[in-house]
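Colleague: Please take one part of this model and go through it closely, residue by residue where that helps. I would like the charged side-chain pairs and the sheet treated together in one connected account.

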Amino acid sequence: MNDLSAFQPLIHAASMRAVLKDSAFYAENGAVVGLSIIRRDLTDLHESLWRLRDLRLLSVGENQLSAISEQIAALDRLTELYAHSNQLIALPDAIGALADLIVLDLSVNQLAGLPDS
């Protein structure tokens, strides 16, 4: 994606972090396509997240996540996943089902390796 104009609403929302408490979303045609939930001390991700079928960008960095659900495979349009600075020790095999995934940031976690998928 070389055209950042499509993400202007997300960039604008991200600039209001004090109001949104480090959470932002971007919607297109009534569907959430970008979601950022950072620095919220989350230990898990609510099951309703996996129903956001149009999601292309998910940022859950700087939390306390130790795992990501196998249900992540439901986000089959996901192109960017930022899960840096958590407590992840393993990834689900289902992460391999995300055929459109281009960016995967897992830095600063406790991963020993990646799934074969």
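**Salt bridges and the sheet**

Modeller: Arg-39 has a relative accessible area of 35% and is therefore partly exposed. This is a predicted model, and what follows is computed from it. The side chain of Arg-39 forms a salt bridge with that of Glu-62, at 3.1 Å from N to O. The two residues come from distant parts of the chain, 23 residues apart: Arg-39 sits in the loop between S2 and S3, while Glu-62 sits in the loop between S3 and strand S4 (80-82). Glu-62 is also partly exposed, because its relative accessibility is 32% and the class runs from the 20% limit for buried to the 50% limit for exposed.

The count of salt bridges comes to three. Another one joins the side chains of Asp-54 and Arg-77, with an N to O distance of 2.9 Å. Here too the partners are 23 residues apart and belong to distant parts of the chain, Asp-54 in the loop between S2 and S3 and Arg-77 in the loop between S3 and S4. Asp-54 is partly exposed at 29% relative accessibility, and Arg-77 is partly exposed with a relative accessible area of 37%.

The remaining pair is Arg-56 with Glu-28, whose side chains meet at 2.8 Å, N to O. It ties the loop between S2 and S3, where Arg-56 lies, to strand S1, where Glu-28 lies, across 28 residues of chain. Glu-28 has a relative accessible area of 28%, so it counts as partly exposed. Glu-28 also takes part in strand pairing, with Ala-31 as its bridge partner in S2.

That leads to the sheet. In general, the strands of a sheet pair through backbone hydrogen bonds, in either a parallel or an antiparallel sense. In this model five strands make up an open sheet with mixed pairing, ordered S1-S2-S3-S4-S5. S1 (23-28) and S5 (103-105) are the edge strands; each has a single partner strand, so each has one side without a neighbour in the sheet. On average, neighbouring strands of the sheet are turned by 10° against each other, direction ignored.

S1 runs antiparallel to S2 (residues 31-37), and six bridges join the two. They form a hairpin with two residues between the strands, and Asn-29 in that turn has a positive phi of about 50°. On the other pairing of S2, the sense changes: S2 and S3 are parallel and share three bridges. Leu-35 stands opposite Leu-58 of S3 in this pairing.

How enclosed is S2 by the rest of the structure? Six of its seven residues are buried, so S2 is largely enclosed.

Strand S3 covers residues 57-59 and includes Ser-59. Ser-59 has a relative accessibility of 11%, which is under the 20% limit, so it counts as buried. Leaving aside residues up to four places away in sequence, Ser-59 touches Leu-35, Ser-36, Ile-37, Ile-38 and Tyr-82. Of these contacts, Leu-35 is the residue already placed opposite Leu-58.

To put the two topics side by side: Glu-28 on strand S1 is joined by a salt bridge to Arg-56 in the loop between S2 and S3. That loop also holds Asp-54, the partner of Arg-77, and Arg-39, the partner of Glu-62.

Definitions and conventions: Residues numbered from 1 in each chain as written. Predicted model: local features only at pLDDT ≥ 70, side-chain atom pairs only at ≥ 80, totals over all residues. Heavy atoms only, no water. Pairing = 2+ DSSP bridges. Helix = DSSP H or I, 4+ residues; strand = E, 2+ residues; numbered from the N terminus. Axes fitted to C-alpha atoms, helices over the stretch in contact; angles between N-to-C directions. Buried < 20%, exposed > 50% of the residue type's maximum accessible area, 1.4 Å probe, protein only. Contact = heavy atoms within 4.5 Å. Salt bridge = Lys/Arg side-chain N within 4 Å of Asp/Glu carboxyl O.
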